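Good morning, colleagues. Please take a moment with the sequence and the structure, and then I shall go through some of the packing and the metal site.

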Amino acid sequence: MRGAVLMAALAVLALPAAAEPPAARIGELRELVAQDCGSCHGMSRAGGLGAPLTAEALAGIGDEALEATILEGRPGTPMPPWRGLLNEADARWIVRHLKGETP
Ligand code: HEC
């Protein structure tokens, strides 16, 4: 068991910063998007306190700009920075997920 945890930790450390998150992490990210992001952006991401995060709404916005918004937040608005809870790979996966590029 401890060996497995160590192996998982090493696998995470060995990944380049922006690689696809590990499968177990993707499950956590799905939850986070539904629960935490959904609390402001709506369960169906149609918008609420936060702007809509549907694939249509985000289609014209570059991936890197969206990743930066997720990691750094939007100072002066309720959009919080998620760096600390999310790394670059997580943010990149979320953007692709919101844009409908990954299930
Ligand atoms: C406390 C409320 C709140 C939470 C929680 C929140 N957001 Fe936001 N978000 C906002 C607001 C408000 C804006 C609009 C900011 C502005 O006026 O520029 C925003 C903007 C954004 C944008 C930019 C959209 C655009 O059209 O440019 C993205 C992307 C985004 N949020 C993603 C997320 C993700 C992903 C999460 C979960 C990890 C999340 N947000 C959680 C409030 C929130």
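**Helix packing and the iron site**

H4 and H5 are oblique to each other, because an angle of roughly 120° between their axes falls outside the 65 to 115 range that counts as roughly perpendicular and is not over 145. I should say at once that this is a predicted model. The axes of H4 and H5 come within 9 Å, and H4 passes H5 in a right-handed crossing. On the H4 side, the contact is made by Asp-63, Leu-66, Glu-67, Ile-70 and Leu-71; H5 contributes Glu-88, Ala-91, Arg-92, Ile-94 and Val-95. Sorted by class, this contact has six nonpolar and four charged residues, with no polar ones.

Let me turn to the second partner of H5. Helix H2, residues 23–41, and helix H5, residues 88–98, have axes that cross at roughly 60° and come within 11 Å. H2 and H5 are therefore oblique to each other, and the crossing is right-handed. Here Arg-25, Ile-26, Leu-29, Arg-30, Leu-32 and Val-33 of H2 meet Asp-90, Trp-93, Ile-94, His-97 and Leu-98 of H5. These residues comprise seven nonpolar, one polar and three charged.

Finally, the metal. Which protein atoms are donors to the iron atom of the ligand? They are NE2 of His-41 and SD of Met-79, at 2.0 to 2.2 Å from the iron. His-41 belongs to helix H2, whereas Met-79 sits in the loop between H4 and H5; the pair, 38 residues apart, thus links distant parts of the chain. The six donor atoms around the iron subtend angles of 86 to 178°, so the arrangement is octahedral.

Key. Residues numbered from 1 in each chain as written. Predicted model: local features only at pLDDT ≥ 70, side-chain atom pairs only at ≥ 80, totals over all residues. Heavy atoms only, no water. Axes fitted to C-alpha atoms, helices over the stretch in contact; angles between N-to-C directions. Helix = DSSP H or I, 4+ residues; strand = E, 2+ residues; numbered from the N terminus. Parallel < 35°, antiparallel > 145°, perpendicular 65-115°, else oblique. Left-handed = near helix turned anticlockwise from the far one by under 90°. Contact = heavy atoms within 4.5 Å. Nonpolar A, V, L, I, M, F, W, Y, C, P; charged D, E, K, R; others polar. Donors = N, O, S within 2.8 Å, 3.2 Å for Na, K, Ca; no water. Tetrahedral: all angles 85-135°; square planar, octahedral: opposite > 155°, others 65-115°.
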